[in-house]
Structure formats: C-alpha cells, structure tokens
Amino acid sequence: MRQEAPISRIYYSLLVAAFLYATAGCAPFLELSPRITVEPVDFKALEGWRGDRLDGALVAYKKSCEVLLRAPQADRGKPLLVAGHTIDWRPACKAASTVEDKSSSAARAFFEKWFRPFAVIGRDGNREGLLTGYYEPELRGARHAGGRFKIPLYGRPGDLVTADLGQFGAALKGRNVTGYVSNGTLVPYPDRKSIDGGHLADKPEPLVWVDSAIDAFFLHIQGSGRIKLADGGLLRLGYAASNGRAYTAIGRTLVERGAIARDRVSMQTIRAWLAANPLKAPEVMAQNARYIFFRELAGNAPVGAQGVELTAGRSLAVDRRAMPLGAPLWLETQDPIDPHLPFQRLLIAQDAGHAIKGGIRGDIFFGHGLLAARRAGLMNQRGRYYILLPKVTPPAS
C-alpha cells in the first residue's frame, strides 16, 4: 500500500515511523524534497551487498565523519534534507572511529548495525537516474610561460564577486550570481571565449602554464588535477571558483553538428575529434561558456565539496539540493568498460558539481591514471541508488 506524506524536509521521528509502518506490511513513500521520495527496504534488497568490499567505503566514510564531528554546537540541529539533522549522524560517526578491524566483514557489520537503507525514487516515480564518472587528470606544465607551455591556468581573480541572493529575499534562498562590479553595477563575468582571448576583467598571474588547450579544457570539466612540472615537481590543483556561466556539454554540440554519432559520445571520442580538428576546436570548446579558476592543494588526493580528500571508487558527487554530503549511497548499475558486468558498490557523497542535477544523479570519482580516465570517460549508465540513514531510537509513545 502506497502512502505519501508531503513534507518539505524529513524529521527523524517520521523516518522511524516510516520504517515501523513498513514492517507492519505497508511500504510508505515519504516526500523529502521537490526532487525525491524514499522507501524503506532491507539490506537484502541491495543487489551485491554481500559481495562488496566495504572496508574501502568505511575508510571514505570516516573522512566525512571528521567534518561532521567538528561541526560547531550551533550547527548540530541543522536539517540535512533527507537525512534528519546533523546531530542524528554523530553516534554512527563516533562508532566508526572505534572500528579498528580493517576487514570487509567488520565494515559490513558496522553499516548494518548503525544504518538502514532506503530506496531513492524520483518525483515521477522513476527509480533510475544517470550515473557518470570523473577522474583526476595529469597535465604537463611549468611555473613560467615559455616554449610549449603557453596555456594559462588561473587562480581566482580579485574582482570576482559571488552574491547570495537569499540575503535579499526568502524567495531567492539557495540562489546566487557571480560577476564583477562595473560602474557600481554587478555584471556577468567574461565567458570562456573572452577569457581565452585575454579579456579577464582583473587578470591574475597564472598559477601554472600547460602545453595543451584540450587538456586544460578537460581539467576545467573535471574540476581538479595534477600538473607534472617540467622541473620534475608535481603541482595539485583544485576548484576555487567559476565565472558563474552555465555549463554546456560540447558532446551535445558535436552531435547536433553531425560530428559524432549520438551513441558514440564519450570523453575519448570528444578528445579525438578536438585533436583531429585543431582549427575548429577552439570555437567548439568556447560553446561551454563556464570557466574554472583553481587553487593549489596539499595532500595526496583532490578535495571534494565536503572538504575531504576524495577516495577513488568510493567518493560520489551528488546534487546537494537533494542529497546531503557525507551520506552513504549504495549504487546499482553496470561497469563502464564491460556493461555486461554489474557495478554494485557503496560510495559516500563527498562532492558536488554544476552539471550534477537531479534526485537520482551521481558522478563517480575513479581516481587518477589511464585506467581511471578510461572508466570515467565511458561511464554513462542508467542506475539506481539507496541512501543509508542512521538508525534512531523510536519515541516511547
């Protein structure tokens, strides 16, 4: 029996009530946001759950817990969309820090003890969404321009302004605009074509120079990467800001122009077309007006939107309007290289992206290297996922 309880955000007492009601023979659907509903299920409903090596997921989850446990007292009652409130996650996080056994069985026991799975369902009743992939590319570069190193990668410009429109009215909460101030007026920041043409409003000194405009373009799409310097050093860059322009997938542009067949579009085929058409490539890349500014990173991995280092194969970028960062999500889809093989794995929502939009929408971080690039470039599958929510003590009544 399907029941809907229309609420804009879910409180934990309702989550508990939903589960108790489900065990009584009905399967209620709780509306969590304008984007999704959830349905309580058992771990047995998660295909491949017993076969995943969950120790890797627990390592990634502990990183998210470090952020949550550092949350100031004032933020502990903060609602987390589908996931109750920040304080509801603290017991599970404290328990995770005590798991010293690094085996997969110990990790599975932890998640089954502290969490309960819920199937994520789109507003249209669809249980599937788009799952893609990203990776950390490696480019060749130098600290100073010269020779083959002619393409700049910039830090955040000093005149870049981001305005939170929610400060100007409740109806605008959650929206912002980016630009720069000209004659007392906030105007749009230059687009990719203008910036590539040297027309930054306040041109900063480049962080580094690289030898390929195509590599630089894909670095902008990935949002982070490593630069192998000509002097033998290694520089890691991460997302700092954008020019605020909308993202355009140039794969769609190439399909519309008949350059690539729709069923052949991938990062690899787009790269190949750009390399084979050097005179046309700049104009095609300029169709994506969005431009990324970077910052230097320390550490051994790129940092996601949650502020933690990403874990290859275990970190997921989500739409933060529907899913809270730090939540474990069970994915069921197909392997990007061999679609006949299942890809069933527990990942942690630790990142976000401008193009990641929708309640059932995920972008899997595959790490760095040639294999990671191949998997990320080919990952374009339909799939479903389940969110794991912490168990709570039901009210005495």
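**View 1. Three strands, β8, β9 and β10, make up an open sheet.** The strands sit in the order β8-β9-β10, and their pairing is antiparallel. This is a predicted model, as are the views that follow. At the edges of the sheet you'll find β8 (161–164) and β10 (185–188), each of which pairs on one side only. Neighbouring strands here are turned against each other by 55° on average, if you ignore direction. Zoom in on β9 (residues 176–182) and you can follow its antiparallel pairing with β10 over four bridges. One residue to look for is serine 182, whose bridge partner in β10 is threonine 185.

**View 2. Strand β6 has pairings with β12 and with β11.** Take β12 to begin with: β6 (residues 138–142) and β12 (residues 225–229) pair in the parallel sense, with four bridges between them. Here glutamate 138 stands opposite arginine 226 of β12. Now turn to β11 (residues 208–210), which is joined to β6 by two bridges, the two strands running antiparallel. Look for alanine 142 in this pairing: its bridge partner in β11 is tryptophan 209.

**View 3. A disulfide joins cysteine 65 to cysteine 93.** How many disulfides does the structure hold? Just one, with 2.1 Å from S to S. In case the term is new to you, a disulfide is a covalent bond between the sulfur atoms of two cysteines. The torsion about the S-S bond of cysteine 65 and cysteine 93 comes out at about -75°, so this disulfide is left-handed. The pair links distant parts of the chain, with cysteine 65 in helix α2 (residues 55–69) and cysteine 93 in helix α3 (residues 86–96), 28 residues apart. Are these cysteines buried or exposed? Both cysteine 65 and cysteine 93 are buried.

**View 4. An aromatic pair brings together tyrosine 61 and phenylalanine 115.** The structure holds 15 aromatic pairs, and here's a look at one of them. The rings of tyrosine 61 and phenylalanine 115 are edge-to-face, 5.7 Å centre to centre and with 85° between the planes. Tyrosine 61 belongs to helix α2 and phenylalanine 115 to strand β4 (residues 115–122), so this pair ties together parts that are 54 residues apart in sequence. Both tyrosine 61 and phenylalanine 115 are buried.

**View 5. Phenylalanine 115 also pairs with phenylalanine 111.** This time the arrangement is tilted, at 5.8 Å centre to centre with 45° between the planes. Why does phenylalanine 111 count as buried? Its relative accessibility is 0%, and buried means anything under 20%. Phenylalanine 115 has 0% relative accessibility too, which is why it counts as buried. Step back a little and you'll see a cluster: ring pairs link Tyr61, Trp89, Phe110, Phe111 and Phe115.

**View 6. Helix α10 (residues 370–378) has five buried residues to pick out: Ala372, Ala373, Arg375, Ala376 and Gly377.** What do the buried residues of α10 pack against? Their packing partners include the strands β5 (129–136), β17 (342–352) and β18 (361–368). Helix α8 (267–276) is another element that the buried residues of α10 pack against.

Notes. Residues numbered from 1 in each chain as written. Predicted model: local features only at pLDDT ≥ 70, side-chain atom pairs only at ≥ 80, totals over all residues. Heavy atoms only, no water. Buried < 20%, exposed > 50% of the residue type's maximum accessible area, 1.4 Å probe, protein only. Contact = heavy atoms within 4.5 Å. Disulfide = S-S within 2.5 Å. Phe/Tyr/Trp six-rings, centres within 6.5 Å; stacked < 30°, edge-to-face > 60°. Pairing = 2+ DSSP bridges. Axes fitted to C-alpha atoms, helices over the stretch in contact; angles between N-to-C directions.
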